[in-house]
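Open the model in your viewer and keep the selection panel at hand. We will go from stop to stop.

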Amino acid sequence: MNVLNKTYDCIVIGSGHAGVEAALAAARMGCGTLMVNFSFDTIGQMSCNPAIGGVGKGQLVKEIDALGGEMGKAADKTGIQFRQLNASKGPAVRSSRCQSDRKQYLLYMQDVVRNQENLFFLEGKVFDILVRENLVYGIRLESGQEIYAKTVVLTPGTFLNGKIHIGKKTTSAGRIDESASNKLADSLKSLGFELLSFKTGTPPRIDGKTIDFTQMVRQDSDEVPVPFSFLTTEIPETQKLLSCYITATNLRTHKIIKDNIHLSPMYSGKIKSTGVRYCPSIEDKLVKFSDKERHQVFLEPEGLDEDLYYPNGISTGLPEDVQEKMVHSIKGLENARIVRYGYSIEHAVIPSTELKSSLESKRIEGLFCAGQINGTTGYEEAAAQGLVAGINAALKVKNQEPFILGRDESYTGVLIDDLVTKGTDEPYRMFTSRVEYRLIVREDNADKRMCEHGLRLGLISKERYDAIKEKYDVIEKQIERLRQMRIDPGEGINKILTENHSAPLRNTTRLSEILKRPGVSYEMIAPFDGELKDFSKQIIDQIEYEIKYQGFIARQQKDVERFKHLEYIKIPSGFDYSSISGLSIEIQHKLKHFAPQTLGQAHRISGVTPAAISILMIYLRKKLNNGKF
Ligand SMILES: Cc1cc2nc3c(=O)[nH]c(=O)nc-3n(C[C@H](O)[C@H](O)[C@H](O)COP(=O)(O)OP(=O)(O)OC[C@H]3O[C@@H](n4cnc5c(N)ncnc54)[C@H](O)[C@@H]3O)c2cc1C
């Protein structure tokens, strides 16, 4: 069909991880949506490592899934290695990660997009965002053709003013062999957006046939892979899984890099932008950790029928000949053939404080931004923002209140709140440590946390919602049962307890109290209960967490309540802080600059003191709400 001469509810620019989730969400919420991308074939492309999840990121994927998004399902279907990270640590930091088959992942996403009702696709390059009186009304393509829409979601990733560097060579590109989006960047500038420059990079890719894996440590997939999606009951045994392999750099590698560091774009002065602190290039690692004699390198498979490996840990912008020497100096890679060289990439981003919590621009009504353009790095961060931006574009079309996730209910809420209230001066990556209530917002309970939203927004079915409610009813009942059930001291239980360095029972004790002891798991005491044996491991784990960490969870819940009222106190847009005499000039400037939408957001801006919040609260209460909130 001709997709050009139509007016859409929503146009999504870009089909990376943010674009796909945004377009699917808007279309699934009933909006006529057009997705525009350079090519259909790059929908769902993973620019770097074909891995989904990781510490702090697995939580985002679970939330995306629980809100009806696609990333988790795609990862399950195309995963070739699954691992639970931090499995031996507490539930607050446990995270899922999988290595996916790059090609299969992209084909999966293309199939979903192709079959999505209300979603249309156009191959093209967007040059301009069309705006009249600060209201978006469409896009202009490279061909000059204009297409109109009520909302636009912008997700151009690393393409905005993208520049690739390999040694001294610099090419304008958004990804290797793909052109950059310079005109779109100009369009944003002309609309008044300031553009900042960030940097990321990728390692060379290696032909698997030329790697000597016998010299490396093998790392297998978990024996029982845990799926990402709450809808995937299990990863079928027929799904082929592969191993990763671990090797390391050595002093010879380091000498090669140090001898040539002046040729690296980061150190020759070619790149001035800020790179990813937590995922540095190998050049960066040598400079920042100069006393380390080795850095681990993970050889990760890119797919089942592509014998190609991603050497995670040696991202680089060094010249090709240096990359050859560097790779060959690593154990097991002596004869490795580089199929594609690594590179550094610089690209433009907007200051994320330009956005509201809905990811709508404060400057231009109806324009939403998501993904790398907001200063983040990572597929999961992009997808989570894409989903929220797509939802909010749809809500805008329907004239409904924006969808804003709280910090106390989701990683996604923390991610967006950090971006819009504090901004970021380096690529932002999600971590568990950024989340203050991480015992409440865990991977395992994302379905519980998101299901009310998902149902209300029409992104999850009533059937799915009912199943989640039923699951948590069962969990509640079992927790209560374990709180009531008592065990008498006896040889059997005391033997298990002492074997696990826990004091023997002297009196009749509730099972839940035994479970709260450090080092005691439900599995150990299961023979004295037995009732949970028919439940899945995930459900048993959840029951265990809720009992074991009950005290900490209750404390976090109290903190949530203590601050919650601040989130409900709205600050009108364009609020004049200079009229409040009790606020210092510095705080007035900060508040004006960040333009928080709620008192909660104002509270999180660094330098805004609790005293300033109290003054602001009293003022807002008096002036705006006749003494009441
Ligand atoms: C070389 C490289 C290395 C990376 N390394 C890492 C890493 O180590 N760790 C990490 O977490 N992340 C890394 N990333 C970042 C990661 O790829 C991104 O964070 C993620 O892909 C962002 O998703 P996105 O949807 O915002 O954008 P992208 O996935 O980049 O997708 C952008 C989409 O927009 C389309 N587009 C752009 N301009 C236009 C236009 N004018 N008209 C139409 N379509 C347009 C493109 O075709 C593309 O489909 C790396 C990226 C690159 C390029």
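A residue counts as near the ligand here if its C-beta atom, placed from the backbone, lies within 6 Å of the ligand. Keep in mind that this is a predicted model.

**Stop 1: the ligand.** Select the ligand and the 35 residues around it. Which of them come nearest? They are G14, G16, G157, G371 and G378. Now colour the shell by class. You should find 20 polar, 13 nonpolar and 2 charged residues.

**Stop 2: the elements behind the shell.** Show α1 (17-28) and α9 (379-397), then β2 (33-37) and β12 (196-202). Each of these supplies at least two residues of the shell around the ligand. Leave β12 on screen for later.

**Stop 3: strand β19.** Select residues 343-349. Is this strand buried or exposed? Its residues are buried, 7 of the 7, so the rest of the structure largely encloses β19. Check both faces. On one side sit Y343, I345, H347 and V349, all buried. On the other, S344, E346 and A348 are buried too.

**Stop 4: the partners of β19.** Go back to β12. It runs antiparallel to β19, and 7 bridges join the two. Zoom in on G201, which stands opposite S344 in β19. Next, add β10, residues 163-166. This strand also runs antiparallel to β19, with 3 bridges between them. Here I164 stands opposite I345.

**Stop 5: the domains.** Zoom out and colour by the domain assignment: domain 1 is 205-343, domain 2 is 477-553 and domain 3 is 569-624. How far apart are the C-alpha centres of domain 2 and domain 3? They lie 49 Å apart.

Conventions
Residues are numbered from 1 along each chain as its sequence is written. This is a predicted model: local features need pLDDT of at least 70, side-chain atom pairs count only at pLDDT 80 or more; totals for chains, interfaces and linings use all residues. Helices (H or I, at least four residues) and strands (E, at least two) are DSSP runs, numbered from the N terminus. Ala, Val, Leu, Ile, Met, Phe, Trp, Tyr, Cys and Pro count as nonpolar, Asp, Glu, Lys and Arg as charged, and the others, Gly among them, as polar. A residue is buried if 20 or more other C-beta atoms lie within 10 Å of its own, exposed if 12 or fewer, and partly exposed in between; C-beta atoms are placed from the backbone. Two strands pair if DSSP finds at least two bridges between them. Domain bounds come from an automatic or database domain assignment.
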